[in-house]
Amino acid sequence: MSRQGTSVQGAALARRGQGQVDQNDPDVKWAPVKQKLIDQTNWFRSLLPSHMNEPAQVRQFLAMCFNVVRESDWQLQRAMREAPQTFFSAAAECAQLGLIPGKTYHFVAFNVTVKLPGGKERKEFQVTGMTDYKGELDLIYRSGRVAAVHAEVVRAGDTFKYQKGMDFPHHVIHAPEPPEGFEEVQEGLATDGERGPLTGAYAYAVLVGGGYSRVSVLNRTRIAKLRSSKTEAFWGPPWPAEGPWTEDMWRKSAVHDLFDDVPHSVEYVIDRLRVQAAIAEAPKGAVLPAVPEREVRALDGAPVPDGAPVPDGDPAPPYDPAADLAP
């Protein structure tokens, strides 16, 4: 943590000790969000995959969700005020997928048009959950049937060749000039500027036991069709210019195109269907979907869906997600 961050936190703690309430203190400002996360502990435990639903892991997941809120920019903060239920819905999907908040799954605020009764409309900031390509790779590897996934972007100065029937593309990144003091060209060390603008992306999987998946190859025209005005901030400026996330978005597009053609975690597929059924039958307007009564049973005094993994040992006591974030 930086010195500035430490001093700000120290000042906040001092004000708390003096009985003063600082509305800009993240722990005070987002106390309702923290309490809702705590209140929904058993719901999140029922959503998380079996390898992530031990009490300590649930605490860690909720702490990471809360950390995203505490560290959020003004757009996400505004979305939390105007449509907090959209954040909890996105957090529920993140738990269902078994991904990491802020790392392989991101909470992004968009200014959307909401239709009101009587045909009127208004603008509202809402939270949308987004799985990045590393998250999709995680889901692929969890199946246990994929040994490796290769996903790369291609630039104008690269050597690239792919024809149907090839197991994988032939892709060489060059070094236009030898480094000073060297006579031989060192393949693969060209900078992005030396390689030129982006021209395509590809992804393929190596299967356990041998063999390859279908190769996903996207040229510049297909990439352009996948660009969304909603995510323009991530795609960056129009081609050939690039932003900080442009290359990742091209690579993600190739992985996403490959995703449905390779094995996934069986547990993930089953859990997704079960949770979608529960959400479909949930009462309207709930902060988080409620589990239908006919599908629940008592577990530690709280409703949990039938078939949800039951942790061994005593139930975890109430806890504060922010406690896991202490320096």
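## Exercises on a predicted model

**Exercise 1. Find which residue caps the N-terminal end of helix 8, and then list the buried residues of this helix.**

Solution. D132 is the cap of helix 8 at its N-terminal end, since one of its side-chain oxygens lies 3.1 Å from the backbone nitrogen of K134. The structure is a predicted model, and in it helix 8 covers residues 133-141. Going along this helix, one finds Y133, G135, E136, L137, L139 and I140 buried.

**Exercise 2. Work out how far the confidence of the predictor reaches, using the mean pLDDT of the protein and of its elements.**

Solution. Begin with the whole protein, where the mean pLDDT is 78 and 72% of the residues reach 70 or more. Next, turn to the elements, among which strand 7 (residues 216-219) has the highest mean pLDDT, 97, and strand 8 (residues 296-299) the lowest, 33. Residues 286-322 have a pLDDT below 50, although this stretch has 74 contacts in the model beyond near neighbours in sequence. Finally, recall that predicted coordinates should not be read in detail where pLDDT is low.

**Exercise 3. Compare the length of helix 5 with the length expected at 1.5 Å a residue, and name its buried residues.**

Solution. Helix 5 runs over residues 55-70 and has 16 residues. From its first C-alpha to its last it reaches 22 Å, which is close to the expected 22 Å. The buried residues of helix 5 are P55, V58, F61, L62, A63, C65, F66, V68 and V69. In reading such a list, keep in mind that residues three or four places apart in an α-helix point the same way, because there are 3.6 residues a turn.

**Exercise 4. Describe the largest nonpolar core, and place F87 and F107 in it.**

Solution. The largest nonpolar core has 54 residues, and those that touch the most other members are V33, L37, F61, F87, F107 and V127. Helix 7 (residues 84-97) gives the largest share of this core, with eight residues. Now follow F107, whose contacts outside its near neighbours in sequence include C65, V68, F87 and V127.

The next step is to look at the rings, for which the count comes to nine aromatic pairs. In one of them, the rings of F87 and F107 have centres 5.0 Å apart and planes at 55°, so this pair is tilted. F87 stands in helix 7 and F107 in strand 1 (residues 105-115), 20 residues apart, and the pair thus links distant parts of the chain. F87 counts as buried because its relative accessibility is 0%, and F107 counts as buried because its value is 8%, where the cut-off for buried is under 20%. Both residues belong to one aromatic cluster, together with F88 and Y105.

**Exercise 5. Decide whether P169 is buried or exposed, and then identify the polar contacts that the side chain of H171 makes.**

Solution. P169 lies in the loop between strand 4 (159-161) and strand 5 (170-172). Its relative accessible area is 7%, and therefore P169 is buried. Among the residues that P169 touches are F160, Y202, Y204 and V215. H171, in turn, is found in strand 5. Its side chain makes a polar contact of 2.9 Å with the side chain of D158, and a further polar contact, also of 2.9 Å, with the side chain of Y202.

Key
Residues numbered from 1 in each chain as written. Predicted model: local features only at pLDDT ≥ 70, side-chain atom pairs only at ≥ 80, totals over all residues. Heavy atoms only, no water. Buried < 20%, exposed > 50% of the residue type's maximum accessible area, 1.4 Å probe, protein only. Helix = DSSP H or I, 4+ residues; strand = E, 2+ residues; numbered from the N terminus. Polar contact = N/O pair within 3.5 Å; in protein donor to acceptor, adjacent residues only side chain to side chain. pLDDT = per-residue confidence, 0-100. Contact = heavy atoms within 4.5 Å. Expected span 1.5 Å × (residues − 1). Core = buried A, V, L, I, M, F, W, Y, C linked by side-chain atoms within 4.5 Å. Phe/Tyr/Trp six-rings, centres within 6.5 Å; stacked < 30°, edge-to-face > 60°.
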